[in-house]
Every structure is written in C-alpha cells, then in structure tokens.
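Me: Hi! I've got a structure open and would like to talk through how its pieces fit together. Can you help?

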Amino acid sequence: MNLRQDALTIVEETIGFVLPDVAVRKKLEELELSNVVLVAIGKAAWRMAKAAKETLKEKIKKGIVITKYGHSEGEIENLEIYEAGHPIPDENTIKATERALEIVEGLSEKDTVLFLVSGGGSALFEKPKGTVTLQQLQNITDQLLRSGANIEEINAVRKHLSEVKGGRFAQKVQPARVVCLILSDVLSNRLDVIASGPAHPDASSCEDALRILERYNIKVDENVLEELKEETPKQLSNVESYIIADVKLACEKAAEVASRLGYSATILTSSLDCEAKEAGFFIGAIAREIVLHERPLKKPCAIVLGGETVVRVKGKGKGGRNQELALASAIKIAGLENVVVCSVGTDGTDGPTDAAGGIVDGRTVQRIKDAGFDPAELLEDNNSYEALKIAGDLLITGPTGTNVNDLILILAR
C-alpha cells in the first residue's frame, strides 16, 4: 500500500468525477431551451460551454466564454473565447465583460441566456461601477484577499462595486429568461455568493459592505465609498438556478475511492473554512493521533475533508491556502511513518502559483531542514511554495477544468 500513490489516485478520480461535462449535459437534457445565448464565466467555463454546445448544438445562437489564463482548450463553434486575470481582475476582464453585455443586449422574453457559472467568476466577470476604476478595484481586491476575510465577505464588497455582480447582470438582460447552471465553489452553496451572484438577488447590504471594509481595515477612496451607497437588486423574476456539482459531492467520491483502495474511510467535514495554518495544525494533530493511538479510526484509514480555508498574509513569501495547510500539517506529523496529508485545489491552482497544493509525510520537515531551511520560519513568512518545493512535495496538476473548493486527505496505515 503506497500512501502517496493512493492519495494521488483519490485526488485524480475525485477531480475526474466532478468535471462539469457530464453534469452540464444531464441538466440540459432535462430542460426545454430555445433561442439560447450562452455566457460562461469562471475557471471551468470552457468545459461547461463545450458540453453545452455539444448538447444544444444549433439552439445556441451565439455566446461568450470568459475563463482564467491557460484554462481555454481551443475554439468552440459560434462562441467567443476570452481569457482574463484571476484572482485579481485585469483589463481583459473588463474587455470580456463589456463584450458579454453587448452580446446579451436587446434580448426579448422569447430569448434564453444560458449562464454557466463556476468558481473564479468574481474576478473574471467584472465591470467596475460608476466612478470606480480598475486600479481601485484591483487594490481593494488585493487588500481583501490578504486580510483573511472569507469569500462571503469579499464578495459582499465586490457586489456593491460592480455593474454585473449582485443580481445586476440578470437585471440588465430582462425580460429574457436566465437559466443558470452552477458549479459551486462556495461551502454554503449560496447563490448570491458564488461568482458574486451576477444572476441572483443579493442578500448583502451596503451597510454590510461598509462594515467589512472597517473590520479588515481596508483602505478605499472617497468615490468608492459613494458608490457603495447604491443597493443591489433584492428581487429578480427572470432567473432559475441549478447547482450541478459541489464539494460535498467531491468528498463523497473521495471516500468511495479510498474505501475501494482498502482504507476505512470517513468524511470529517465538507465545510472547513478556518485559517489554513490552523487547519493544517489541527489536521496534522488528527493524523498524529491515528498513527500513535489508532483513534478516531483504526489503520489503514482515510479521513476526507473539504472546504476552503483562508490565508492571513503577514509574510513576503509565495504560496496558497492548500500549500500552507500542507506545510503546517507536515510540522505536526514530523518523524512519523506511514502517514500522508494531501491538500489540493480541485481547480488545479492554489494562490498565485503553478501548484494545486501539497502532499506531505513524516519526512517532509527533515527534507526541508536538510536543505538548510527552517520549516516554521518558512510557514511564518507565508512561503509554503518554497518549503514544499524544497521537500519535493508540491502537487502540480495543471488546470483541471472544474472548481468545487479544496479536497484534503489523511491516509495512514
């Protein structure tokens, strides 16, 4: 039983299971759609759009796909393909979004906007509101991402500074029908939070956005504060939404594969959402308890977790939440045999790096020390990428075509 190989097998099969292709086709076969204009946003936008085009064929009159750099896999007939910045929007984001608005302009009640939404849509689908500039939006987004704010808080602010978020996109395409197929990367599956809810009534208020800025000490200009005072739509009558895959489904598949590989498997949670470093310490402590005392499960066993942690950036290093979690776990399991912790972003990207996450064992810490570095210091400097690179423990998958949060595994025997 090779723990590392088994962990990689579980990750590979789980990601393959939550690819959007099958889910998109299945849902579209259940729906009656005609006069379709397609708009796909997010890291999984290309795959979702490709599946929709193959299913609906000539029913799709025209459309646009907006995805992250490197996530397009080529041309799709009758669809315009754009790649743009993530996690911070850039000029291509604005250009692509403006083009999307042009494509849906002037639709009637006989038309249907097929809106395919996946994680990353908040950065990839954006037109700053009013006097807000792209540079201001980039600065605010960067501050929020570094602050430790969770995705609901970050998106509450972004919705109130956008022409397309918080239900405003669906409002713009009225009276056309909007049918949303959603690949959820939000733990609560809140439709107003996923991709900042471009086609869903917004549950957050202007006051919420202002409180979040104050809570995390986010510096903004006066014109931004003025733009925050206009409320987002609270009711929409032209939208229907369907979640086609989420992290709960991913965790269930991971546990199924682990059981098939001979592990006693359990899902601890599918809603992990604390700080990555603290989560890593806790997960490492659980792994330690299993190895030393065979509790809460007897070996061989697998514990599956899903969710989306946050990183409070204090150092100057490079990394992502999955890498930080893995490094913190490695510190806790240092010196132990026959145990592995793996943390991976199902989209294949983790922070501003080329890694999806990390896979660590009881020797990870020693490998880092043997190279002349202190793992704890690297962790404190938010330099998990360098630490795991030194140890040979980076997990690199490349873009996967899906995005349903993060998958974390403990394997022990």
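Me: Which side chain does Arg-4 meet in a salt bridge?
Reply: Arg-4 meets the side chain of Asp-361, with 3.1 Å from N to O. Keep in mind that this is a predicted model.

Me: Where do those two residues lie?
Reply: Arg-4 is in helix H1 (residues 3-17) and Asp-361 is in strand E10, so the salt bridge ties together parts 357 residues apart in sequence.

Me: And how many salt bridges does the structure hold?
Reply: There are 36 salt bridges in the structure.

Me: Let's stay with E10. What sheet is it in?
Reply: E10 belongs to an open sheet of six strands, ordered E7-E8-E12-E9-E10-E11, with mixed pairing.

Me: Which strands stand at the edges there?
Reply: Strand E7 (264-272) and strand E11 (394-395) do. Each has a single partner strand, so one side of each has no neighbour in the sheet.

Me: In what sense do E7 and E8 pair, and over how many bridges?
Reply: E7 and strand E8 (residues 301-307) pair in the parallel sense, over six bridges. One residue pair to look up is Leu-272, whose bridge partner in E8 is Gly-307.

Me: Does a helix come into this? I mean, which strands does H13 lie across?
Reply: H13 lies across E7, strand E9 (339-345), strand E10 (357-361), E11 and strand E12 (406-412). Its direction is at about 10 degrees to E10.

Me: Nice. At what angle do H12 and H13 pack?
Reply: Helix H12 (residues 276-293) packs with helix H13 (residues 321-332) at about 40 degrees, and their axes are 7 Å apart. The two helices are therefore oblique to each other.

Me: Is that crossing left-handed or right-handed?
Reply: H12 passes H13 in a right-handed crossing.

Me: Who's in the contact?
Reply: From H12 the residues include Phe-281, Ile-283 and Arg-288, while the H13 side includes Glu-324, Leu-325 and Lys-332. By class, the contact of H12 with H13 has seven nonpolar, three polar and five charged residues.

Me: OK, new topic. How do the axes of H2 and H3 cross?
Reply: Helix H2 (residues 20-30) and helix H3 (residues 45-56) have axes that come within 8 Å and cross at roughly 40 degrees. That makes H2 and H3 oblique to each other, and their crossing is right-handed.

Me: What meets what between them?
Reply: Among the H2 residues in the contact are Val-24, Arg-25 and Leu-28, and among those from H3 are Met-48, Ala-51 and Glu-54. The classes in the contact of H2 with H3 are seven nonpolar, one polar and five charged residues.

Me: Any other six-stranded sheet to look at?
Reply: Yes, six strands form an open sheet in the order E3-E2-E1-E4-E5-E6, and here the pairing is parallel. Strand E3 (79-84) and strand E6 (239-245) are the edge strands, each pairing on one side only.

Me: How many degrees are neighbouring strands turned against each other?
Reply: Neighbouring strands of this sheet are turned by 15 degrees on average, direction ignored.

Me: Can you give me a strand pair to check?
Reply: Try strand E5 (residues 177-183) and E6, which pair in the parallel sense over six bridges. Within that pairing, Leu-183 has Ala-245 in E6 as its bridge partner.

Me: Last one: which strands does H3 touch?
Reply: H3 packs on this sheet and touches strand E1 (36-41), strand E2 (60-68), E3, strand E4 (112-117), E5 and E6. The direction of H3 makes about 160 degrees with that of E2.

Note on methods: Residues are numbered from 1 along each chain as its sequence is written. This is a predicted model: local features need pLDDT of at least 70, side-chain atom pairs count only at pLDDT 80 or more; totals for chains, interfaces and linings use all residues. Side-chain values use heavy atoms; hydrogens and water are left out. Axes are lines fitted to C-alpha atoms, for helices over the stretch in contact, and angles run from 0 to 180 degrees between N-to-C directions. Helices (H or I, at least four residues) and strands (E, at least two) are DSSP runs, numbered from the N terminus. Angles under 35 degrees count as roughly parallel, over 145 as roughly antiparallel, 65 to 115 as roughly perpendicular and the rest as oblique. A crossing is left-handed if the near helix is turned anticlockwise from the far one by less than a right angle, and right-handed if clockwise. Contact means heavy atoms within 4.5 Å. Ala, Val, Leu, Ile, Met, Phe, Trp, Tyr, Cys and Pro count as nonpolar, Asp, Glu, Lys and Arg as charged, and the others, Gly among them, as polar. Two strands pair if DSSP finds at least two bridges between them. A salt bridge is a side-chain nitrogen of Lys or Arg within 4 Å of a carboxyl oxygen of Asp or Glu.
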